[in-house]
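This report is intended for a reader who is meeting the structure for the first time. Please keep the sequence and the model in view while reading.

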Amino acid sequence: MARERITDQPAFLLHSVPYSETSLVLDVLTRDYGRVALLAKGAKRPRSALRAVLLHFQPMLVAYTGRNELRTLTGAEWQGGLDSPRGAGLMSAFYLNELLMRLIAREDPHPEVFDGYEQALRDIAAELPLESTLRRFEWLLLRETGVAPDLEVDTANRPIESDKRYSWLPADGFMQVDAGEQTVSGATLLSLARGQFDSDDLRQQAKQLTRRILNHSLAGFALSTRKIMQDMQKH
């Protein structure tokens, strides 16, 4: 089997771990090839040109080769044009990375997720309302990975109505109900569909709903960044 050669591929670094004394294994999100594992030989050396390029939350172009699950990085070029997140936004950006690591399979392309991730980083860096930015990206990720329930119709195939209440059924979607715990308003579902939230109540309901669906998708796996964010909010 011929060795695959990829060049000039837009990418973001999601995670890296040491490999030998001088190298790193990278997890990168590429636009056209999904999440890819790359061996960056010599990247830990003090004079390596890669040290200034392999940065979190910065767009780059990568080149790599190989045919196994672990490919070899042959080049990386910083693209610039994106401010780094700061403060609470920085931890939120790491949260997005952890979601991608857990919910996007290797070598499974999702160009819309890549574009949405880049836009989310721009919104975070611009200090736009953080909760709205996170909800938009979470729902995009759920939708593109086939997990998000339909936001247009309920389980009886009736249009979602803003003044009704709905209960989420993991295998079926949203069922209209009279009331009860863990229900969500139709207005919240329509807000999620638009990606716009006009009140704190809508934002809070959307947060609780996306957290439940994400927890179901993660099969009980606890995200470390979410715990850190919760601990920070207590102090």
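Which residue in E4 is the bridge partner of Pro10? The partner is Leu61. The model discussed here is a predicted one.

## Strand E4 and its partners

Strand E4 covers residues 60-66, and 7 of its 7 residues are buried. Its side chains point in two directions: Met60, Val62, Tyr64 and Gly66 point one way, while Leu61, Ala63 and Thr65 point the other way. The residues of both groups are all buried.

E4 pairs with two strands described here. With E1, the pairing is antiparallel and runs over 6 bridges; the bridge between Pro10 and Leu61 in E4 has already been mentioned. With strand E5, residues 70-78, the pairing is again in the antiparallel sense, over 6 bridges. Within E5, Ala76 is the bridge partner of Val62. E4 and E5 form a hairpin, with 3 residues lying between the two strands.

## Helix H2

Helix H2 consists of 15 residues, 111-125. At 1.5 Å a residue, H2 should span 21 Å, and this agrees with its end C-alpha atoms, which are 21 Å apart.

The buried residues of H2 are Val113, Phe114, Gly116, Tyr117, Ala120, Leu121, Asp123, Ile124 and Ala125. The elements that cover these buried residues include two strands, E1 (4-19) and E2 (23-30), and two helices, H1 (88-103) and H3 (130-144).

H2 also carries a salt bridge between the side chains of Arg122 and Glu118, with an N to O distance of 3.1 Å. Because Arg122 and Glu118 are 4 residues apart in helix H2, about one helical turn separates them. Arg122 counts as partly exposed because its relative accessible area is 32%, which falls between the 20% limit for buried and the 50% limit for exposed.

## Salt bridges between distant parts of the chain

The whole structure holds 17 salt bridges. One of them joins Arg106 to Asp27, with the closest N and O atoms 2.9 Å apart. The pair links distant parts of the chain, since Arg106 lies in the loop between H1 and H2 and Asp27 in strand E2, 79 residues apart. Is each partner buried or partly exposed? Arg106 is partly exposed, with a relative accessible area of 30%, whereas Asp27 counts as buried because its relative accessibility is 5%. Arg106 and Asp27 also belong to a network of salt bridges that links them with Arg35 and Glu69.

A further salt bridge is formed by Arg86 and Glu127, whose closest N and O atoms are 3.3 Å apart. Arg86 lies in the loop between E5 and H1 and Glu127 in the loop between H2 and H3, so this pair ties together parts that are 41 residues apart in sequence. Glu127 is exposed because its relative accessible area is 60%. Glu127 follows just after H2 and takes a positive phi of about 60°.

## Thr188 in helix H4

Thr188 lies in helix H4, which comprises residues 186-194. Is Thr188 buried or exposed? Thr188 counts as buried because its relative accessibility is 0%. If its neighbours within four places in sequence are left aside, Thr188 is in contact with Leu202, Gln205 and Ala206.

Terms used:
Residues are numbered from 1 along each chain as its sequence is written. This is a predicted model: local features need pLDDT of at least 70, side-chain atom pairs count only at pLDDT 80 or more; totals for chains, interfaces and linings use all residues. Side-chain values use heavy atoms; hydrogens and water are left out. The expected span of a helix is 1.5 Å times one less than its number of residues. Buried means under 20% relative accessible area, exposed over 50%, partly exposed in between (1.4 Å probe, protein chains only). Contact means heavy atoms within 4.5 Å. Two strands pair if DSSP finds at least two bridges between them. A salt bridge is a side-chain nitrogen of Lys or Arg within 4 Å of a carboxyl oxygen of Asp or Glu.
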